[in-house]
Amino acid sequence: MSDSETTADRWLEAQKRYWDAWTEMAQRGLDTAMSGSREPANPWADAMEQWWKAVSPSAPKPAQDVFSQLVNLGKNYFAMAEGLSKPTTSGDVSDMVQNWMRTLSDAFAKGGQGMNPLAAMGLAGKTGRGATAFWDLPFDTFSRTMSAGSPVPGDFLKAFEGDVPGDMRAQMDRFLSAPAIGYGREYQEQYQKFGRLVMEYEKAMGQYQAGFGALGQKSLETFQKRLETTAADSGPVNSVRQVYNIWVDACEEVYAEYAMSDDYAKRYGEMVNALMAVKQQGARLVDESLEAMNMPTRTEISGLQRRLHDFRNDFRKLSAEAESMRAELDGMAGVVSEVEALRQELDTLREAVKKLQEKPAPATQSDVTPAKPAATKARTKAAGSKTPAKPAATKTRAAAKPASKPAPGATGGTTRKTGTTRRKTQS
Amino acid sequence: MTPIQIRPDEALDELTTFQNKLTHGIQNLMDVEEITTGVTPKEAIYEEDKMVLYRFQAPASVVQNPVPVLIVYALVNRPYMADLQENRSTVRGLLDAGMDVYLIDWGYPDRADRYLTLDDYINGYLDRCVDVIRKRHRLDAINVLGICQGGTFSLCYAATHPDKVANLVTMVTPVDFQTPDNMLSNWVRYLDVDLTVDTLGNIPGEMLNWTFLNLKPYRLIGQKYLDMIDVLDNPTQVANFLRMEKWIFDSPDQAGEAYRQFLKDFYQENKLVNGGLQIGPHEVNLKNVTMPVLNIFATEDHLVPPDASKALKKLVGTRDYTEISFKGGHIGIYVSGRAQKEVPPSIGQWIDKRS
């Protein structure tokens, strides 16, 4: 048998044993409820608690977290059922409901914890903040990280959690605002700033939580109204689950109304901004410590990341440009081959002209030898009209000048002109 | 009349049933094997940094539309929501409707991605994915289906690259970020976004989870788990519940610079409606969205209220605008049984008519 199977068997065995105990205990609770006895106080929720204590040690690890959450929810659910089933001195059901509502009302009066969604469901963190648990977490982590190198005690910040009397806060503020002096003044000043920001954050968090406090009574009223509406529409509510669902709907309605208000938005914004200021200052202090240890700081790494990102973007842009130029060049491939064909044709023509030039001139003809085929026309024209042809000035000039010169000199002139023409073509 | 009338013995019955389910449910929880997601076979077509472009394998029996559909998912949460399980898959529904489906998985950004901007996401990754598909299919333009924040990205993309988008489908997409019922929008009004991003760098996924849970805390943190206890005796339903739970909390961190611009320009300044939105070198004007648009929203959506989506109608430049209203929530529109029957076939028919 594998280890996991053994664990599972133990777990199931523990459950089986406990199941009998639970049934018995629950029956006792029912008897108590029926008889009106005052003891034990919360038999069903207690039974749930006892059950979990008994079986959780043998529960497989991966299931423990899920189950402990479910059990916490279950306990609250059971407590609700208990409240709704407890006897009253009068034995009247309406008194029973009123008692339960009064209990809820008292809970709300204790600073709005009843409206704190996580706390209300038994899922509040160790700080008891529940709905704000996320905002505690990074701060706690930071506080642990910093405690080693901090000039203030590791638990210094804990003193500011929860309600801090106004005069104490003011005194701490004065202490943290005292001018820093001496060799470590810069260092001290940074820590003082950190301390002040922590106090501001605690204040903002307190105000944020206080915002929920005012909602308790309202949600109770909404709950009552919803119960009455449900009872009027479809008869009295006769299951714990139905009551729970109506309770959830009422709380969601009141919460949503508040969460959409400007007041909530301000408190929330101030709380988050204050926390970010603390974290930023904390990061600065951590960076200073890292620098002192000759280690790379977060600021430096961020700087490198930014540069890398910028380089990558530049590289991408250049690659895209190169790609587009390559595509353009590919598109030009046809033009290039056409130019090449023309160039070859030109060379052929040049060869032909050269051959013509190399032929001895007839005695009766002028020594004028045009450099280009176009000049043939000019020559023809010139031969006819005795006027040098126009088309290419250079050629015309070359044709005109040697007219009175001997043939050998004319050859050299024609060659230069040819060279000039080639350069032009190439450009 | 007393509104509550619960007899103690009835209450005990309820609690005994509850306890029974709880204690026996542990066996089913222990039997649950690794939660799998993303059921439809797919092939990675293109990868860049942490982003992967997938193409889903279509059933051989279905005649495919020659113009593929690219699903652009949000940066928040993971895209396997669109292909969650065998009988809950928008992707599968689209394939069955004859679509050739591609999907962008943005991956999990880490600190190396802290400076990725919306320009990088929209004009970079998204545009390159579109180009890859266009090239593969030798098309000038493809169909784009944007989901939630991915829909907002798709709108920006379609407005700035209209020649590459044949048809645009947006699902539960926020357009007007400041409708009176938008809770998220109210919460960020006084938030110093610069301070937050400068301090945190990337925004932790855990912070987003916390934010989303607090939109409906009593329901999402409490009631939902009591509902779970009700199904603990059914192994299939337990697995389905845990699969959904995995998706809900599987939230990638958000690249800091992209988050900064998204919160400031979209939530705080509502520039998609008010104008003045700049994504990299492009100014985004929804009047340039001239291709056919299908806008699908959910009537019970608590994250993207229907009015936030419906605002699109008056802003786009197209004359071919269609709306589909789905009775359900932000997640139900992908995974509910009714959604499977209604949503993907409607998208398929709408696209086919325009092909």
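In this predicted model, B:I71 has B:L145 as its bridge partner in strand 7 of chain B. That link belongs to a pairing of strand 3 with strand 7 (residues 142-147) of chain B, which runs in the parallel sense over four bridges. Strand 3 of chain B also pairs with strand 6 (residues 101-105) of chain B, again by four bridges and again parallel. Here B:V72 takes B:I104 of strand 6 of chain B as its bridge partner.

What about the two faces of this strand? In a regular strand, side chains point alternately to one face of the sheet and the other. Both faces of strand 3 of chain B turn out to be covered. B:V69 and B:I71 sit on one side, B:L70 and B:V72 on the other, and all of them are buried.

A helix residue comes into the picture next. B:I133 lies in helix 3 (residues 118-137) of chain B, and it counts as buried because 24 C-beta neighbours fall inside 10 Å. Leaving aside residues up to four places away in sequence, B:I133 touches B:P68, B:L70, B:Y102 and B:I142. B:P68 is a nice case of sequence and space telling separate stories: B:I133 and B:P68 are 65 residues apart along the chain, but their C-alpha atoms are 7.9 Å apart.

Two loop residues of chain B have a positive phi without being glycine. For B:N77, phi is near 65°, and the residue is placed in the loop between strand 3 (69-72) and strand 4 (83-85) of chain B. For B:D49, phi is near 50°, and this residue is found in the loop between strand 1 (42-48) and strand 2 (51-56) of chain B. Their surroundings can be set side by side. B:N77 counts as buried, since it has 22 C-beta neighbours inside 10 Å, whereas B:D49 is partly exposed, with 15 other C-beta atoms within 10 Å.

Further along chain B, two helices pack against each other. Helix 6 (residues 193-200) and helix 10 (residues 256-268) of chain B meet at an angle of about 170°, and their axes are 9 Å apart. Angles over 145 degrees count as roughly antiparallel, so helix 6 and helix 10 of chain B are roughly antiparallel to each other. From helix 6 of chain B, the contact draws on B:V193, B:D194 and B:V197. Helix 10 of chain B brings in B:G256, B:Y259, B:R260, B:L263, B:K264 and B:Q268. Sorted by class, the contact of these helices has four nonpolar, two polar and three charged residues.

Chain A is built from 15 helices and zero strands. Of its 427 residues, 27% are buried. Among the contacts in chain A between residues at least 6 apart in sequence, 57% join residues at least 24 apart.

How confident is the prediction for chain A? The chain averages a pLDDT of 68, and 46% of the residues score at least 70. Among the elements of chain A, helix 11 (residues 262-292) has the highest mean pLDDT, 93, and helix 15 (residues 407-426) the lowest, 38. Two stretches of chain A also have pLDDT below 50: residues 111-133, with 62 contacts in the model beyond near neighbours in sequence, and residues 135-162, with 25 such contacts. Where pLDDT is low, the predicted coordinates should not be read in detail.

Technical notes:
Residues numbered from 1 in each chain as written. Chains lettered and ligands numbered in written order. Predicted model: local features only at pLDDT ≥ 70, side-chain atom pairs only at ≥ 80, totals over all residues. Axes fitted to C-alpha atoms, helices over the stretch in contact; angles between N-to-C directions. Parallel < 35°, antiparallel > 145°, perpendicular 65-115°, else oblique. Contact = placed C-beta atoms within 7 Å. Nonpolar A, V, L, I, M, F, W, Y, C, P; charged D, E, K, R; others polar. Buried ≥ 20, exposed ≤ 12 C-beta atoms within 10 Å, placed from the backbone. Pairing = 2+ DSSP bridges. pLDDT = per-residue confidence, 0-100.
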